[in-house]
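Let's walk through this structure together, starting from a single residue and working outwards. Please have the viewer ready.

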Amino acid sequence: MSNATPEPAKGRLGQMRQAYTITKRSDRNIGLLLLLTFLLAGGLAATLGYFVFGTGTFGLIFTILFGVLIGILAALIVFGRRAEKAAYAQVEGQVGAAAGALQMLRRGWELKPAVAFTKNQDVVHRVVGRPGIILVGEGNPTRVRNLLTAEKKKHARIGGDEVPVLDVVVGNGPDEVPLTKLVKHMRKLPKNIKPAQMTAVLYKLKALDAMRPAAPMPRGPVPTSMKGSRKAMRG
């Protein structure tokens, strides 16, 4: 009982330490950058506070607090972006990296990792959202496009004429979306269906998934470092 209370705080601090450690591996100057960000943003805020709050005792106290808070906020924003970039770098090229990135999508999106894959570990993940059904493939470009074509035919029968089935290939080649831009790309897709249609589609997709033969996930865990880093930034 006595050990249950401090667990959340330890968890948050542990997440932030882990995020900093991961970021430090690929961004050796992160500590100096955060310090400079804190000093610059805090200094500018304190200068503004000096003119707003005045030079009295309470004015100086408010000025210092304002500068410190703004400096910390700016440092956390920079840290969050750097940590996310480092997390992407850590999982890029791993099987399931796209699924790890797609987990960062919030409300209004339903993700099902690895709805289809080959023995060579080319994987297709499925996301359902306001744009419709989005199939996200990662792996060898040629093999994964063939896999996407087959999956699009299956899902088109579910979606019908009203629910578009889109496909995205993750990679750095032509007509591919880099892993670091995947979530942003998904959020920019046009909204083609209403929430009620989305609910109906998800119900139908359960039937499609139930007919699939049981198959194991490709070797290796789905990376979740990016989601953990984002949680650490939010506290």
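Start at Val127 in this predicted model. Leaving aside residues up to four places away in sequence, Val127 touches Leu102, Leu105, Trp109, Glu110, Leu111, Gly132, Ile133, Ile134 and Met186. Some of these names come back when we turn to the nonpolar cores: in the largest one, which has 19 residues, those with the most contacts inside it are Leu102, Leu105, Val127, Ile134, Val136, Leu182 and Met186. Two or more residues of this core come from each of helix H4 (97–102), E3, E4 and helix H6 (182–188). Among these elements, H4 gives the most, with four residues. Another core lies apart from this one; it has 18 residues, including Leu135, Val163, Ile193 and Leu208. As background, nonpolar side chains tend to be buried together in soluble globular proteins.

Now for the sheet. Its four strands follow the order E1-E2-E3-E4, forming an open sheet with mixed pairing. Why is one side of E1 and of E4 left without a neighbour in the sheet? Strand E1 (110–117) and strand E4 (165–170) stand at the edges and each has a single partner strand, so one side of each stays free of a neighbour in the sheet. From one strand to the next, the twist averages 25°.

Let's follow one of those pairings. E1 and strand E2 (residues 123–129) run antiparallel and are joined by five bridges. Here you can find Phe117 standing opposite Val123 in E2.

Finally, look for helix H7 (residues 195–211), which lies across E1, E2 and strand E3 (132–138). H7 runs at about 150° to E2.

Key
Residues numbered from 1 in each chain as written. Predicted model: local features only at pLDDT ≥ 70, side-chain atom pairs only at ≥ 80, totals over all residues. Heavy atoms only, no water. Pairing = 2+ DSSP bridges. Axes fitted to C-alpha atoms, helices over the stretch in contact; angles between N-to-C directions. Contact = heavy atoms within 4.5 Å. Core = buried A, V, L, I, M, F, W, Y, C linked by side-chain atoms within 4.5 Å. Buried < 20%, exposed > 50% of the residue type's maximum accessible area, 1.4 Å probe, protein only.
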